[in-house]
Amino acid sequence: MGALARLLQQPDARFVLLALLKIVAILFGLLTVVSYLIYLERKIAGHIQARPGPNRVGPLGLLQPAADVLKLFFKEEFVPAEANKVVFHIAPMLAVIPALISFSVVPMGPAITVTDVNVGLLVFLSMSSLGVYAITLGGWSSNNKYALLGGLRSSAQMVSYELAMGMSTIGPLLLAGSLSLVGIVNAQRAIPFVVHQPLAFLIFMITALAETNRAPFDLPEAESELVAGFHTEYSSMKWGFFFLGEYANIIVISAIAVTLFLGGWSGPWLPESLGFVWFFAKLGVLLFVFMWVRWTFPRFRYDQLMAFGWKVLLPLALANILATSALLFFIPAPGWRQAWAMFAGSAALFALAVALSPRLVPSRVDLLARREAA
Amino acid sequence: MTVALFAVFATVLVASSLMVVLHRHPVTCALFLVLAFCSLAALYLVLQAQFVALVQILVYAGAIMVLFLFVLMYLNLKRDLEEGLHHQVRRVIGWGMGGLLLVEGVLLFRPEWAVGPLGRETPQAVHAAGNTEMVGRLLYSRYLFPFELTSLVLLVAMVGAVVIGKGRRRRGDEEAA
């Protein structure tokens with residue numbers, strides 16, 4: 001006991017211990033939230049499709065997540081013949097780890113964050129760029145044509161939409177003048193950046209759907225074309241890891257959207273110390289939007305997906321950076337005047353995009369007409 | 001603790017870099033290169049260069065290597081099966097050149113083995129201004145010319161890629177017609 005007390009006197013050891021405790025707390029919190037997020041997704045899907053959803057295990061089906069996890073653990077582990085064994089085992093881990101790492105920089109309340117590094121936003125962007133490997137490698141190592149096609153689709157899709165996502169975060173960055181997520185939240189005390197940057201928020205949310213491979217961007221696992229895409233050959237808890245990674249990514253991206261655009265933990269009425277209530281309320285709304293979108297919109301066609309990402313979202317995000325910097329140069333003082341000027345700029349760009357995008361992203365009717373003309 | 005972390009990541013970096021060259025499966029080589037990039041980023045972190053570390057992961061591991069892997073998987077290359085005298089000669093020359101470079105490096109760095117000369121920016125100044133701010137200020141002042149030159153080179157490469165892609169497609173259309 002004495003040795004332990006002496007060890008705790010050292011600042012290095014105390015820092016490591018405190019960080020470990022925070023990590024464990026957030027890890028368990030996140031895993032619980034993920035399992036109930038799946039329950040919520042099934043309930044919402046049921047509601048949208050006019051059916052009850054899970055309602056057998058426990059009251060209102062509330063024990064369904066526990067039953068699901070148990071089932072996953074007891075299922076047979078199957079590794080296909082001629083699969084690349086090592087990569088096949090690494091891929092599911094790669095799906096979960098980056099999402100957990102980026103959660104370490106999310107500020108949930110004034111003092112509730114694992115670490116406030118001064119490049120917090122870059123941690124999130126670099127970790128979400130590593131998320132591609134899980135899907136690509138999972139698809140490749142399965143030695144299955146459908147899985148490979150799903151993996152290739154996903155790497156093309158995620159690399160394309162990552163660019164627009166990174167560009168859409170530059171607007172709030174310019175306004176806050178800091179890469180630290182705590183600094184960005186502090187800059188939004190008076191007015192959340194969604195007022196300044198509605199267009200960037202829209203682009204961020206659309207690219208977030210694409211980055212997490214959710215409908216209408218779920219081409220890597222399009223059931224009707226690719227069986228189940230990159231995870232066709234996965235079973236048991238390895239498949240569960242892909243699922244866990246997907247939902248952890250949804251939570252992380254929503255949390256970053258709350259931090260960048262919706263003012264993080266700041267909000268009216270509540271005292272500063274209860275800021276986490278606002279954070280989780282905003283997070284809950286965005287999570288619901290994710291599920292709502294998934295069960296409402298049909299899937300994109302592949303050429304539409306690429307054309308939309310490269311010809312609409314990326315130029316729009318670049319134009320938004322230009323407009324924001326120009327307005328910031330002419331109205332440098334933060335306040336409502338600046339906010340409304342930027343809102344007007346965003347609205348003008350949005351109108352331009354709506355007017356031009358039918359030419360850039362051809363619909364099926366356009367394609368047929370073009371083929372007939374040729 | 002810093003020294004221990006440095007030793008761990010340096011070992012991983014050297015080992016994975018060697019595996020990139022020595023392993024025969026192209027996809028495995030690419031994955032070891034990703035690992036090498038990540039441990040290099042960790043070394044930057046140990047040196048308190050957070051911005052460079054994360055940009056290293058974002059650009060090299062997250063973007064460039066994904067495209068590399070994409071191409072490798074598209075071509076579906078199998079193990080490198082080249083054999084014969086020609087291959088043996090090349091291998092011997094490769095090892096010789098590598099050894100020569102290693103000896104040269106050791107001889108060059110021996111006088112100041114541990115620490116290089118201190119830069120103009122002291123650690124205190126960097127800490128006060130912020131790491132990212134300092135990098136940005138330097139890029140747009142002292143290193144403005146090389147920085148702009150790099151962007152021009154990249155632009156030329158991009159235009160070249162577009163021209164090549166476009167040209168091929170047009171020829172294909174004519175053949176079809």
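Colleague: What do α5(A) and α6(A) bring to the place where they meet?
Modeller: From α5(A) come Leu125(A), Ser129(A), Val132(A), Ile135(A), Thr136(A), Gly138(A), Gly139(A) and Trp140(A). They meet Ala147(A), Leu148(A), Gly150(A), Gly151(A), Ser154(A), Ser155(A), Met158(A), Val159(A), Glu162(A) and Gly166(A) in α6(A). Two residues are in contact if their C-beta atoms, placed from the backbone, lie within 7 Å. By class that contact has eight nonpolar, nine polar and one charged residues. Ala, Val, Leu, Ile, Met, Phe, Trp, Tyr, Cys and Pro count as nonpolar, Asp, Glu, Lys and Arg as charged, and the others, Gly among them, as polar.

Colleague: Where do the numbers and letters come from?
Modeller: Residues are numbered from 1 along each chain as its sequence is written, while chains are lettered from A and ligands numbered from 1 in the order in which they are written. This is a predicted model, with local features needing pLDDT of at least 70 and side-chain atom pairs pLDDT 80 or more, whereas totals for chains, interfaces and linings use all residues.

Colleague: Why are α5(A) and α6(A) called roughly antiparallel?
Modeller: Their angle is about 170°, with the axes 7 Å apart. Angles over 145 degrees count as roughly antiparallel, so α5(A) and α6(A) get that name.

Colleague: What makes α4(A) and α5(A) roughly antiparallel?
Modeller: Helix α4 (residues 85–103) and helix α5 (residues 120–141) of chain A pack at about 160°, axes 8 Å apart. Set against the cut-off of over 145 degrees, they are therefore roughly antiparallel. Their crossing is left-handed, meaning the near helix is turned anticlockwise from the far one by less than a right angle. By class, this contact has 16 nonpolar, five polar and no charged residues.

Colleague: How do you know that chain A is as compact as a globular protein of that length?
Modeller: The radius of gyration, taken over C-alpha atoms, is set against the globule rule, 2.2 Å times the number of residues to the power 0.38. Chain A has 22 Å, close to the 21 Å that the rule gives for 374 residues, so chain A is as compact as a globular protein of that length.

Colleague: What makes 43% of chain A count as buried?
Modeller: A residue is buried if 20 or more other C-beta atoms lie within 10 Å of its own, and 43% of the 374 residues count as such.

Colleague: Which helix of chain A gives the most to the side that touches chain B?
Modeller: α5(A), with nine residues. The contact takes 18 residues from chain A and 20 residues from chain B.

How values were computed. A residue is buried if 20 or more other C-beta atoms lie within 10 Å of its own, exposed if 12 or fewer, and partly exposed in between; C-beta atoms are placed from the backbone. Axes are lines fitted to C-alpha atoms, for helices over the stretch in contact, and angles run from 0 to 180 degrees between N-to-C directions. Helices (H or I, at least four residues) and strands (E, at least two) are DSSP runs, numbered from the N terminus. Angles under 35 degrees count as roughly parallel, over 145 as roughly antiparallel, 65 to 115 as roughly perpendicular and the rest as oblique.
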